Amino acid sequence: MSIKQQWQKKWREALGETTNAMPDIREDYALHFDIWHVGDEKLKDCFSIFPNGDLLLKRVNEVRTSLPQSIAIDDLALLSKLEQLNTNIEAALNQYGDSELIKLNSKKSNVARRSVYRGNESLRRDVLNNADSPTIHLDDDLCEIIAKYCGEEGYEAFFFLSEPLYQLSGCYYPVSHWIAWAMVQSEFEVDPYQAAFDLYKMKAQAGWSNDEQFVFIES
């Protein structure tokens with residue numbers, strides 16, 4: 001039984017699900033959706049098996065209890081949060097030392113235009129339709145970053161947790177990756193996903209397209 005199957009068995013036992021014939025982890029929807037409804041003690045036990053599981057659980061609970069809501073905030077403050085996001089991503093990538101990722105991420109600095117969009121869900125879809133998250137190049141190598149500092153166990157934990165955390169975050173990778181970053185947060189001087197989580201709590205998110213970087217906020 002692989003380590004991921006051992007974790008799957010433990011989580012299914014916590015959920016009261018059968019462990020005699022377990023589905024493929026990628027299709028184990030009880031793990032993806034229902035794990036968040038077990039009691040606090042069971043959830044604590046479920047996360048104790050991962051590298052820095054206590055720090056992961058702390059972030060999980062922060063997301064579970066957060067109530068994202070639009071706030072009165074001016075454009076300058078939102079763009080300052082975007083700048084903080086970019087600065088911390090750059091710092092984390094420089095510390096990690098992958099020259100190719102650093103080069104790809106540096107292309108953002110060539111996009112001078114900064115914008116703030118305010119509106120409803122329809123506008124959000126429009127402005128984000130052809131945009132990426134500023135975290136995209138960090139996202140692409142996050143599993144390798146975790147593996148560097150947490151070994152194979154961390155690498156496997158990242159993939160085991162990917163879908164449950166994605167669902168918990170409302171299908172928003174910068175937040176699910178903010179949780180996963182807890183496995184390596186003590187190794188880095190900055191948290192490259194913190195500003196993205198701060199924006200999420202305001203019902204805002206950052207985007208990066210060919211001709212601009214921007215923040216969308218629901219209003």
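Me: How do you know whether the protein chain, with 219 residues, agrees with a compact globule or not?

Reply: This is a predicted model. A compact globule of 219 residues would have a radius of gyration near 17 Å. The rule behind that value is 2.2 Å times the number of residues to the power 0.38. The protein chain has 18 Å, so it agrees. Its C-alpha trace spans about 55 × 40 × 25 Å along the principal axes.

Me: What makes up the protein chain, in helices and strands?

Reply: There are 11 helices and 3 strands. From the N terminus, the order is α-α-α-α-α-α-β-α-α-α-α-α-β-β.

Me: Why are Leu 43, Cys 46 and Phe 47 of helix α3 called buried?

Reply: Buried means under 20% relative accessible area. Leu 43, Cys 46 and Phe 47, in α3 (residues 40-47), count as buried, so each falls under that cut-off.

Me: How do you know on which side of α3 they lie?

Reply: They cover an arc of only 90° around the axis, which puts them on the same side of α3. The face turned away from that buried side carries Glu 41 and Lys 44, both exposed. Exposed means over 50%, so these two pass that mark.

Me: What do the buried residues of α3 pack against?

Reply: Three helices: α1 (3-15), α4 (53-65) and α9 (142-168). Contact here means heavy atoms within 4.5 Å.

Me: How many residues of the whole protein chain count as buried?

Reply: Of the 219 residues, 47% do. The chain exposes about 11000 Å², and carbon and sulfur atoms supply 46% of that area.

Methods
Residues numbered from 1 in each chain as written. Predicted model: local features only at pLDDT ≥ 70, side-chain atom pairs only at ≥ 80, totals over all residues. Heavy atoms only, no water. Buried < 20%, exposed > 50% of the residue type's maximum accessible area, 1.4 Å probe, protein only. Helix = DSSP H or I, 4+ residues; strand = E, 2+ residues; numbered from the N terminus. Arc of directions from axis to C-beta. Areas by Shrake-Rupley, 256 points an atom, 1.4 Å probe, with all protein chains shown as cover.
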